[in-house]
Amino acid sequence: MGSDDLIDIKELRALAEATSNIVMTSHANAQCTERLIDSSDILEALLHGEIIEDYPNDYPFPSCLLLSFSKTGTPTHVCCGIGDGKIYIITAYYPTTEKWEDDMKTRKAVKK
């Protein structure tokens, strides 16, 4: 992948098949611990989630935001990047209707 590349969902899922390809950043570890996000929810997002936003110019690797649903039906967002044959988990959180439309895919317009 070079700059300006979008993440290919098939590549993401193939990499996620081997958990040794998944790297949690220290930020992601701290956020998931604080937010009580389980590693199974992260894996669910990688294997079955939908890319809802792309960040092709992120440094050091292109990244994206995934939407998935936990086994209990809770929407989960996972931001990750792909590079050097690894998936880097940047952060994860449970989206709310305060910032997201009901579909949890669309950001609400910022009110000025």
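# A guided tour, beginning at Phe-61

Select Phe-61 first, and you will find this residue in the loop that runs between β2 and β3. The model you have open is a predicted one, which is worth keeping in mind at each stop. With Phe-61 still highlighted, show the residues in contact with Phe-61, leaving aside neighbours within four places in sequence: these are Ile-82, Gly-83, Asp-84 and Tyr-88. For a distance across the model, add Arg-35 to the selection; Arg-35 and Phe-61 are 26 residues apart along the chain, and their C-alpha atoms are separated by 25 Å.

Stay in this loop and move to Pro-60, which also has its place between β2, residues 50-55, and β3. What is the peptide bond from Tyr-59 to Pro-60, cis or trans? If you display the backbone atoms of both residues, you will see that the bond is cis, with omega near 10 degrees.

**The whole chain**

Now zoom out and colour by secondary structure, which brings up three helices and five strands. Following the chain along its sequence, you pass through these elements in the pattern α-β-α-α-β-β-β-β. The radius of gyration is 14 Å, close to the 13 Å that the globule rule gives for 112 residues, so the chain is as compact as a globular protein of that length. If you orient the C-alpha trace along its principal axes, the spans are about 40 × 30 × 25 Å.

Colouring by accessibility next, you will find that buried residues make up 38% of the 112 residues. Switching to a surface view, the accessible surface comes to about 6,700 Å², and 52% of that area belongs to carbon and sulfur atoms. Among contacts with a separation of 6 or more, 52% are accounted for by residues 24 or more positions apart. If you then pick out the charged side chains, there are 11 positive and 18 negative charges, and the mean positions of the two sets are 5 Å apart.

**Helix α1 and what covers it**

Select residues 9-16, which form helix α1, and within this range highlight the buried residues Leu-12, Leu-15 and Ala-16. These three cover an arc of only 100 degrees around the axis, which puts them on the same side of α1. Rotate to the other side of the helix, and there Lys-10 and Ala-14 are exposed. To see what covers the buried residues of α1, show β1 (22-24), α3 (39-48), β3 (63-69), β4 (75-83) and β5 (86-93), which are included in that cover.

**Helix α3**

Since α3 is already on display, highlight its buried residues, namely Asp-41, Ile-42, Ala-45, Leu-46 and Leu-47. Which elements do these residues pack against? Their partners are the helices α1 and α2 together with the strands β1, β3, β4 and β5.

**Two serines in β3**

From α3, step to Ser-68, which is found in strand β3. At 5% relative accessibility Ser-68 counts as buried, the cut-off for that term being under 20%. Leaving aside neighbours within four places in sequence, its contacts are Asp-41, Glu-44, Ala-45, Gly-49, Thr-74, Pro-75 and Thr-76; of these, Asp-41 and Ala-45 may be recognised from the list of buried residues in α3.

Move along to Ser-63, whose place is also in strand β3. Is Ser-63 buried or exposed? With a relative accessible area of 1%, Ser-63 is buried. Not counting residues up to four places away in sequence, Ser-63 touches Ile-7, Asp-54, Tyr-55, Pro-56, Asp-58, Cys-79, Cys-80, Gly-81 and Ile-90. Adding Arg-13 to the selection gives another pair to compare in sequence and in space, as Ser-63 and Arg-13 are 50 residues apart in the former and 14 Å apart, C-alpha to C-alpha, in the latter.

**Two residues with positive phi**

Go next to the loop between α2 (26-35) and α3, and select Leu-36 there. Phi of Leu-36 is near 60 degrees, a positive value in a residue other than glycine. With a relative accessibility of 72%, Leu-36 counts as exposed.

The last stop is Asp-84, in the loop between β4 and β5. Its phi, near 55 degrees, is likewise a positive value in a residue other than glycine, and at a relative accessible area of 66% Asp-84 is exposed. Asp-84 also closes the route, being one of the residues in contact with Phe-61.

Key:
Residues numbered from 1 in each chain as written. Predicted model: local features only at pLDDT ≥ 70, side-chain atom pairs only at ≥ 80, totals over all residues. Heavy atoms only, no water. Helix = DSSP H or I, 4+ residues; strand = E, 2+ residues; numbered from the N terminus. Rg over C-alpha atoms; globule rule 2.2 N^0.38 Å. Buried < 20%, exposed > 50% of the residue type's maximum accessible area, 1.4 Å probe, protein only. Contact = heavy atoms within 4.5 Å. Areas by Shrake-Rupley, 256 points an atom, 1.4 Å probe, with all protein chains shown as cover. Lys, Arg positive; Asp, Glu negative; His and termini not counted. Charge placed at Lys NZ, Arg CZ, Asp CG, Glu CD. Arc of directions from axis to C-beta.
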